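Q: Got a minute to go through this one with me? I'd like to get a feel for the fold and then poke at some details.

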Amino acid sequence: MKELDPLLHSQLRLAVMSILINVEEADFVYLREKTEATAGNLSVQLDKLAAAGYITIEKGFFGKKTRTVCRISEQGLRAFEKYVEALKEYLNL
């Protein structure tokens, strides 16, 4: 059996990756609303995904407000696909 990627096996990190797989980019507020995570927890989990190279984080300004935008990387896309394939193997799909 293939091993499940422990970084993606976290509920919140898996949710973030699942969202980013379907959109070109997502800002922090959107991810927080969709995942119903606290800002602090989401920030920590995004940092972990970025440190692994699974997502990129771009911080900037929109008017006078700060804006954090996340995108899935090629490495993140491959890791997510491997994770899904491993799940399918466990489920005999």
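Q: First up, what share of the 93 residues of the protein chain counts as buried?
A: That comes to 33% of the 93 residues. Keep in mind that this is a predicted model.

Q: OK. How many helices and strands does the chain have?
A: There are four helices and three strands. Going along the sequence, the order is α-β-α-α-β-β-α.

Q: And what does the C-alpha trace span along its principal axes?
A: About 50 × 25 × 20 Å.

Q: Among contacts between residues at least 6 apart in sequence, what percentage joins residues at least 24 apart?
A: For the protein chain that is 54%.

Q: Let's zoom in on α3. How many residues does it have, and how far does it reach?
A: Helix α3 runs over residues 39-51, which is 13 residues, and it reaches 18 Å from its first C-alpha to its last. That is close to the 18 Å expected at 1.5 Å a residue.

Q: Which residues of α3 are buried?
A: L42, Q45, L46 and L49. They sit on the same side of α3, because the arc they cover around the axis is only 105 degrees.

Q: What covers those buried residues of α3?
A: The cover includes two helices, α1 (11-22) and α2 (28-35), along with the strands β2 (55-62) and β3 (65-72).

Q: Back to Q45 in that helix. Why does Q45 count as buried?
A: Its relative accessible area is 9%, so Q45 falls under the 20% cut-off for buried.

Q: Which residues does Q45 touch, leaving out those up to four places away in sequence?
A: Q45 touches S10, L12 and R13.

Q: What follows α3?
A: G53 does, and its phi is positive, near 85 degrees.

Q: Which non-glycine residue has a positive phi, about 60 degrees?
A: That would be E36, which is not a glycine but has a positive phi of about 60 degrees. You'll find E36 in the loop between α2 and α3.

Q: Is E36 buried or exposed?
A: Exposed: the relative accessible area of E36 is 72%.

Q: Moving to α2, where K34 lies: is K34 buried or exposed?
A: K34 counts as exposed, because its relative accessibility is 52% and the cut-off for exposed is over 50%.

Q: How many residues apart along the chain are K34 and I19, and what separates their C-alpha atoms?
A: They are 15 residues apart along the chain, with 8.3 Å between the C-alpha atoms of K34 and I19.

Q: Changing topic to pockets. How much space lies in the largest pocket?
A: About 150 Å³.

Q: Which residues line the largest pocket?
A: The lining is made up of D27, F28, V29, F62, K65, T66, R67 and T68. The elements that each give two or more residues to that lining are α2 and β3.

Q: Which element gives the most to the lining?
A: β3, with four residues.

Q: Last one: how does the lining of the largest pocket break down by class?
A: Three residues are nonpolar, two are polar and three are charged. K65 and R67 are among the lining residues, and Lys and Arg both count as charged.

Note on methods
Residues numbered from 1 in each chain as written. Predicted model: local features only at pLDDT ≥ 70, side-chain atom pairs only at ≥ 80, totals over all residues. Heavy atoms only, no water. Expected span 1.5 Å × (residues − 1). Buried < 20%, exposed > 50% of the residue type's maximum accessible area, 1.4 Å probe, protein only. Arc of directions from axis to C-beta. Contact = heavy atoms within 4.5 Å. 1 Å grid on protein atoms, 1.4 Å probe; cavity = no way out; pocket = protein on both sides within 12 Å on 5 of 7 lines; lining within 4 Å. Points joined across faces, edges and corners; volume = space filled by probe spheres on them.
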